[in-house]
Amino acid sequence: MRTDDGRQRAGASFATEKTPVTAEGGMAVTNHPLASAAALEMMAAGGNAIDATVAALFTLTVVEPMMVGFFGGGVALIRLADGTELALDGLATAPEAARPEMYRPVSDTWPDYMETEGRANRVGALAVGVPGTLKTWCEALERHGTLPLEAVLEPAIRHASRGFRVTPYLAACIAETAADLADDPGMAALFLPGGQPLAEGARLTMPDYARTLCEIAQHGPAHVYGGALGARIVEHLRAQGSAMALADLTAYRSEIRAPVRGTYRGVTLIGPPPPCSGGVHVLQMLNLMEGFDIAASGFGTTATLHLVLEALKIAAADRRAATADPAFVDVPVARLISKEYGKLRRPEIDPARARDFGARVLSNESANTTHVTIADRDGNIVTSTQTINSLFGARIMIPGTGIIPNNYMFLFDPHPGNALSLQPGKRITSGISAMIGYRDGAPLFAVGLPGAHRIPSAVFQFVMNLIDHGMTVQEAVEAPRVFTHGPDAEVERGIPAETHDALRAMGHPVVATDHVAGGMGAILFEGSRMTGAACWRADGTPMGWGGGLARQGVSFWPDPRRGRAASR
């Protein structure tokens with residue numbers, strides 16, 4: 001860690017596995033090197049961070065097909081060069097024909113509370129929600145970008161048509177889901193050639209998807225949202241039992257929302273508002289921690305981790321009770337993020353023992369997601385989390401298109417009458433916690449990651465790693481993590497075994513785990529310098545734009561002037 005005092009107080013030591021990158025021209029941190037390269041390609045061509053983000057996301061639909069697709073959903077937290085801040089909400093919605101009782105739950109208790117008969121809300125056409133990604137990516141490009149759609153699509157089309165090498169990460173995801181992928185002809189043909197999962201190092205080409213992306217470059221998002229491609233998609237989904245209609249695609253609207261805002265030890269923080277839960281609950285948990293001397297108790301110690309786990313349980317209880325689509329549920333955002341609410345709940349934390357907590361407000365998301373954090377030299381910053389929800393979404397493919405649709409219907413509570421229950425037109429609720437921090441009015445960091453309801457816990461710990469524990473940005477993204485939402489306390493194996501035992505003795509039901517949440521990407525800002533960092537939990541790769549153009553007025557040695565040469 002950066003400070004000697006921080007190292008001395010730490011209860012867990014660790015070595016970083018990846019190398020950060022520092023540059024001034026621009027920075028892209030995505031979960032695949034080809035996506036980071038696509039982002040830098042856009043900036044080198046004169047584009048800004050928004051152009052770079054859209055190019056990176058389209059590229060990720062090719063090289064991270066298990067995580068993200070344009071028939072999915074997500075949120076982008078954007079800070080423009082002029083200081084404007086906005087959250088662009090492209091989360092999926094339920095079709096208008098959907099009904100609260102359309103699935104049959106198999107259990108009224110966890111861990112199978114969200115499961116339904118035949119996995120109908122998880123796998124197959126009935127699991128597909130109305131997507132927002134393509135529409136919102138194109139809207140962001142049109143409103144805030146500088147390059148045309150065909151330009152930002154070019155890297156994705158190139159990699160889909162020419163192919164790319166399968167990483168160990170992608171190969172493991174294919175093998176993990178092979179049984180479901182085998183049930184769909186398109187998925188099996190692409191990812192299980194000859195009946196076997198693609199292996200690490202295999203070359204994967206997607207000719208159908210390349211043609212689909214070319215169509216989108218030509219026709220724009222209307223090709224899906226009410227157009228010929230959308231009709232083709234809906235026809236296939238309805239034939240397989242989906243409730244979606246072409247009118248659902250035509251009616252889909254993105255939302256531009258004001259970010260939630262708070263402070264932690266003098267650092268101003270902004271994050272996405274509901275229906276995302278992350279921005280609200282990260283601020284809520286940090287408010288709880290302000291009453292404790294986290295720096296003194298030290299990173300990874302039993303005392304610190306106990307406080308972190310208790311704060312996570314309080315936030316989880318409030319999330320289940322009150323955080324949902326604000327068009328359907330009155331979410332008490334101001335109360336949840338207030339310092340007063342933190343003061344009210346802080347005394348409930350017993351420093352010596354684990355407790356159970358209920359909600360005190362008035363009123364199963366998949367970990368398989370992707371994230372990009374991108375900034376340019378002009379001050380545009382984007383931190384964006386996008387997903388098709390589960391690994392390979394609904395685990396089906398629209399024939400002849402290469403499109404892998406989401407399984408976002410799995411995020412609705414299949415039990416009617418609750419805040420997160422399924423309703424026609426309702427937006428899903430997400431743990432997305434993309435966050436930007438400011439110190440003295442200037443950007444300090446931008447961060448985000450995949451990981452579903454574990455995302456807020458990881459961002460919460462990242463902020464403390466930077467501010468309380470004095471870590472470098474690389475250490476802050478890679479540091480061992482913990483998570484709980486009540487039933488279990490997940491503690492990464494990077495935390496010493498004796499600390500696991502000490503937490504159990506305090507009443508935490510500790511489960512040792514290889515990793516909590518996914519690959520985090522962050523940028524630290526120090527004046528004009530940007531340092532990008534990605535962690536070991538995914539194929540995350542920072543790329544920066546250094547160097548630059550020649551000094552003004554400089555050219556290569558000129559040829560001798562004709563007149564001078566003739567006089568010699």
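At roughly what angle do the axes of α3 and helix α5 (residues 149-162) cross? The points below address this and the packing of α3 in the predicted model.

1. The axes of α3 and α5 cross at roughly 25° and come within 8 Å. Angles under 35 degrees count as roughly parallel, so α3 is roughly parallel to α5. The crossing of α3 with α5 is right-handed.

2. On the α3 side, the contact with α5 is made by Asp51, Val54, Ala55, Phe58, Thr59 and Val62. The α5 side supplies Leu149, Val152, Leu153, Pro155, Ala156, His159 and Ala160. By residue class, the contact of α3 with α5 holds 10 nonpolar, 2 polar and 1 charged.

3. Helix α3 (residues 49-63) also packs against helix α2 (residues 33-44), with axes that come within 8 Å and cross at roughly 150°. Angles over 145 degrees count as roughly antiparallel, and α2 and α3 are therefore roughly antiparallel to each other. The crossing of α2 and α3 is right-handed.

4. Helix α2 contributes Leu34, Ala35, Ala38, Ala39, Met42 and Met43 to its contact with α3. From α3, the participants are Asp51, Ala52, Ala55, Ala56, Thr59, Leu60 and Val63. The residues of this contact divide into 11 nonpolar, 1 polar and 1 charged.

5. Certain α3 residues merit attention when the two contacts are read together. Asp51, Ala55 and Thr59 of α3 are among those that make the contact with α2, and Asp51, Ala55 and Thr59 are also among the α3 residues in the contact with α5.

Conventions:
Residues numbered from 1 in each chain as written. Predicted model: local features only at pLDDT ≥ 70, side-chain atom pairs only at ≥ 80, totals over all residues. Heavy atoms only, no water. Axes fitted to C-alpha atoms, helices over the stretch in contact; angles between N-to-C directions. Helix = DSSP H or I, 4+ residues; strand = E, 2+ residues; numbered from the N terminus. Parallel < 35°, antiparallel > 145°, perpendicular 65-115°, else oblique. Left-handed = near helix turned anticlockwise from the far one by under 90°. Contact = heavy atoms within 4.5 Å. Nonpolar A, V, L, I, M, F, W, Y, C, P; charged D, E, K, R; others polar.
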